[in-house]
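Work through the exercises below with the coordinates open. Try each task before reading its solution.

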Amino acid sequence: QVQVAESGGGLAQAGGSLRLSCAASGSIFSVNSMGWYRQAPGKQRELVAIISAGGSTNYADSVKGRFTISRDNAKNTVYVQMNSLKLEDTAVYYCNVKYRDSRWYEYDSWGQGTQVTVSS
């Protein structure tokens with residue numbers, strides 16, 4: 001059984017920074033990718049950033065140049081450094097992990113989410 005846990009959410013002022021962390025634990029043999037999604041009030045869940053085990057990254061246009069995703073494969077942990085925060089970054093942020101177990105079966109797990117609130 002695999003658990004995904006986010007941390008680092010909270011309150012920040014516009015123009016400020018936050019760093020989110022996500023750790024996956026359990027019977028993980030190999031991680032395919034780890035990423036962050038967010039859902040703002042009245043909006044659909046959207047991709048924020050994703051990083052593959054090989055290090056390739058993708059970012060939403062709205063966060064390019066402001067957010068940086070990174071990972072520690074040995075710890076099955078992903079981070080997103082969020083700089084120059086804007087009011088529209090306010091959302092619940094969810095961590096997503098795509099991985100394989102020792103039998104090479106594929107799985108897709110989600111964290112419970114962490115609230116990020118940006119104030120003026």
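**Exercise 1. Strand pairing**

In which sense do β7 and β8 pair, and over how many bridges?

Solution. The model is predicted.
- Step 1: locate β7 at residues 67-72 and β8 at residues 77-82.
- Step 2: read the pairing, which is antiparallel and runs over six bridges.
- Step 3: check one opposing pair. Isoleucine 69 stands opposite valine 80 in β8.

**Exercise 2. The sheet around this pair**

Find the strand order of the open four-stranded sheet, then name its edge strands.

Solution.
- Step 1: the order is β1-β3-β8-β7, and the pairing is antiparallel.
- Step 2: β1 (3-7) and β7 (67-72) are the edges, since each pairs on one side only.
- Step 3: take the angle between neighbouring strands. With direction ignored, the average turn is 15 degrees.

**Exercise 3. The nonpolar core**

Which strand gives the most residues to the largest nonpolar core?

Solution.
- Step 1: size the core. The largest one holds 29 residues.
- Step 2: pick out the residues with the most contacts inside this core: Trp36, Phe67, Val78, Met82, Tyr93 and Val97.
- Step 3: list the strands that each supply at least two residues: β3 (18-25), β4 (30-39), β5 (46-52), β7, β8, β9 (91-100) and β11 (114-119).
- Step 4: β9 gives the most, with five residues.
- Step 5: inspect phenylalanine 67. Beyond four places in sequence, this residue touches Arg38, Val48, Tyr59, Val80, Gln81, Met82, Asn83, Leu85, Asp89 and Tyr93.

**Exercise 4. Two neighbours in β3**

Are serine 21 and leucine 20 buried or exposed?

Solution.
- Step 1: place both residues. Leucine 20 is in strand β3, and so is serine 21.
- Step 2: apply the cut-off for buried, under 20% relative accessible area. Serine 21 has 18%, so serine 21 counts as buried. Leucine 20 has 0% and is therefore buried too.
- Step 3: list contacts, leaving aside neighbours within four places in sequence. Serine 21 meets Ala5, Glu6, Ser7, Trp36, Val78 and Tyr79. The contacts of leucine 20 include Trp36, Val78, Met82, Tyr93 and Val116.
- Step 4: add a distance. Leucine 20 and tyrosine 93 are 73 residues apart along the chain, with 8.9 Å between their C-alpha atoms.

**Exercise 5. The disulfide**

Which cysteines does the disulfide join, and which strands hold them?

Solution.
- Step 1: count. The structure holds one disulfide.
- Step 2: identify the partners. Cysteine 22 is joined to cysteine 95, with 1.9 Å from S to S.
- Step 3: place them. Cysteine 22 is in β3 and cysteine 95 in β9, 73 residues apart, and the pair links distant parts of the chain.
- Step 4: get the handedness. The angle about the S-S bond is -80 degrees, and the link is left-handed.
- Step 5: check burial. Both cysteine 22 and cysteine 95 are buried.

**Exercise 6. An aromatic pair**

Why does the pair of phenylalanine 29 and tryptophan 104 tie together parts that are 75 residues apart in sequence?

Solution.
- Step 1: the structure holds three aromatic pairs. One of them is phenylalanine 29 with tryptophan 104, at 5.9 Å centre to centre and 75 degrees between the planes.
- Step 2: classify. Edge-to-face needs planes over 60 degrees apart, and this pair is edge-to-face.
- Step 3: phenylalanine 29 lies in the loop between β3 and β4, and tryptophan 104 in the loop between β9 and β10 (106-110), so the pair ties these parts together.
- Step 4: compare exposure. Phenylalanine 29 is exposed at 55%, whereas tryptophan 104 is partly exposed at 46%.

Definitions and conventions. Residues are numbered from 1 along each chain as its sequence is written. This is a predicted model: local features need pLDDT of at least 70, side-chain atom pairs count only at pLDDT 80 or more; totals for chains, interfaces and linings use all residues. Side-chain values use heavy atoms; hydrogens and water are left out. Two strands pair if DSSP finds at least two bridges between them. Axes are lines fitted to C-alpha atoms, for helices over the stretch in contact, and angles run from 0 to 180 degrees between N-to-C directions. A nonpolar core is a set of buried Ala, Val, Leu, Ile, Met, Phe, Trp, Tyr and Cys residues joined through side-chain atoms within 4.5 Å. Buried means under 20% relative accessible area, exposed over 50%, partly exposed in between (1.4 Å probe, protein chains only). Contact means heavy atoms within 4.5 Å. A disulfide is a pair of cysteine sulfur atoms within 2.5 Å. Rings of Phe, Tyr and Trp (its six-membered ring) pair if their centres lie within 6.5 Å; planes under 30 degrees apart count as stacked, over 60 as edge-to-face and the rest as tilted.
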